[in-house]
Amino acid sequence: AARQTEIDLANARAEASFSPRRMTYVLDGGRARTTRKQMFESWVQAVRCDDDSQRCLFSKEVEADCRTRDELYALAIRRGAAVLALAKKHGIDVTSDDFELLWMTADFESPLYLHLFLFIPTLVGQASDAQLQEWLPLAKECRLIGNYAQTEMG
């Protein structure tokens, strides 16, 4: 089924009345961003499971092996830690656009999402300089995990 999907996509791209490559650039936000995304994809695909299977940690088959909610949660934490490790290895700050692109490229769900993409930006936007100096480094390294909640108006 996956192979047929690849064939169908290739045929559709060949028959398109526009350049699929240029459309990719538009959807990704430009040629440079597409290039970054492709580089990030290669990084993500190189991350292997800790077992002897040599499977990519982010593959759907690894997710399908999870039998319980606890196993899915543990996998999500491992995946989040792997993305954070990639960012650290390559000097990507967790508050940068590149980190967001790396995370989106990995394409997985994680309980760390709220911390990284809601709590940290709120901290940056609302904390005093003294609070930022104390709490932001801890939050960026996930030594402090925060969350974000908002009540509805009215």
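This passage describes helix H7 and its surroundings in a predicted model.

Helix H7 comprises residues 112-126. At 1.5 Å a residue, its 15 residues should span 21 Å, and the C-alpha atoms at its ends are 20 Å apart, which agrees with that expectation. The helix nevertheless contains a kink of about 30 degrees at Phe119, shortly before the proline Pro121. Several residues of H7 are buried, namely Leu112, His115, Leu116, Phe117, Phe119, Ile120 and Leu123. These buried residues pack against three helices: H5 (69-89), H6 (97-106) and H8 (129-140).

Among the buried residues of H7 is His115. Its relative accessibility is 0%, and His115 therefore counts as buried, the cut-off being under 20%. The side chain of His115 places a polar atom 2.8 Å from the backbone oxygen of Ala139. Ala139 is also one of the residues touched by His115 when residues up to four places away in sequence are not counted. The others in this group are Ile120, Cys142, Leu144, Ile145 and Gly146.

Leu116, likewise buried in H7, belongs to the largest nonpolar core, which holds 34 residues. Within this core, the residues that touch the most other members are Phe58, Val83, Phe99, Leu102, Trp103 and Leu116. Two or more residues are given to the core by each of the elements H3, H5, H6, H7 and H8. With neighbours within four places in sequence left aside, Leu116 is in contact with Leu84, Val94, Phe99, Trp103, Pro121 and Cys142. Two of these partners, Phe99 and Trp103, are themselves listed with Leu116 among the core residues that touch the most other members.

The loop between H6 and H7 contains Ser110. Ser110 has a relative accessible area of 13% and is buried, because the value falls under 20%. A polar atom of the Ser110 side chain lies 3.0 Å from the backbone nitrogen of Leu112, a residue that is buried in H7. Apart from residues up to four places away in sequence, Ser110 touches Ala76, Gly80 and Trp103.

A further residue, Gln38, is located in helix H3, which covers residues 31-45. At 38% relative accessibility, Gln38 counts as partly exposed, since this class lies between the buried limit of 20% and the exposed limit of 50%. Gln38 is separated from Val83 by 45 residues in sequence, and their C-alpha atoms are 15 Å apart in space. Val83 is one of the residues that touch the most other members of the largest nonpolar core.

Key: Residues numbered from 1 in each chain as written. Predicted model: local features only at pLDDT ≥ 70, side-chain atom pairs only at ≥ 80, totals over all residues. Heavy atoms only, no water. Helix = DSSP H or I, 4+ residues; strand = E, 2+ residues; numbered from the N terminus. Buried < 20%, exposed > 50% of the residue type's maximum accessible area, 1.4 Å probe, protein only. Polar contact = N/O pair within 3.5 Å; in protein donor to acceptor, adjacent residues only side chain to side chain. Contact = heavy atoms within 4.5 Å. Expected span 1.5 Å × (residues − 1). Bend = angle between axes of the 7 residues up to and from the residue. Core = buried A, V, L, I, M, F, W, Y, C linked by side-chain atoms within 4.5 Å.
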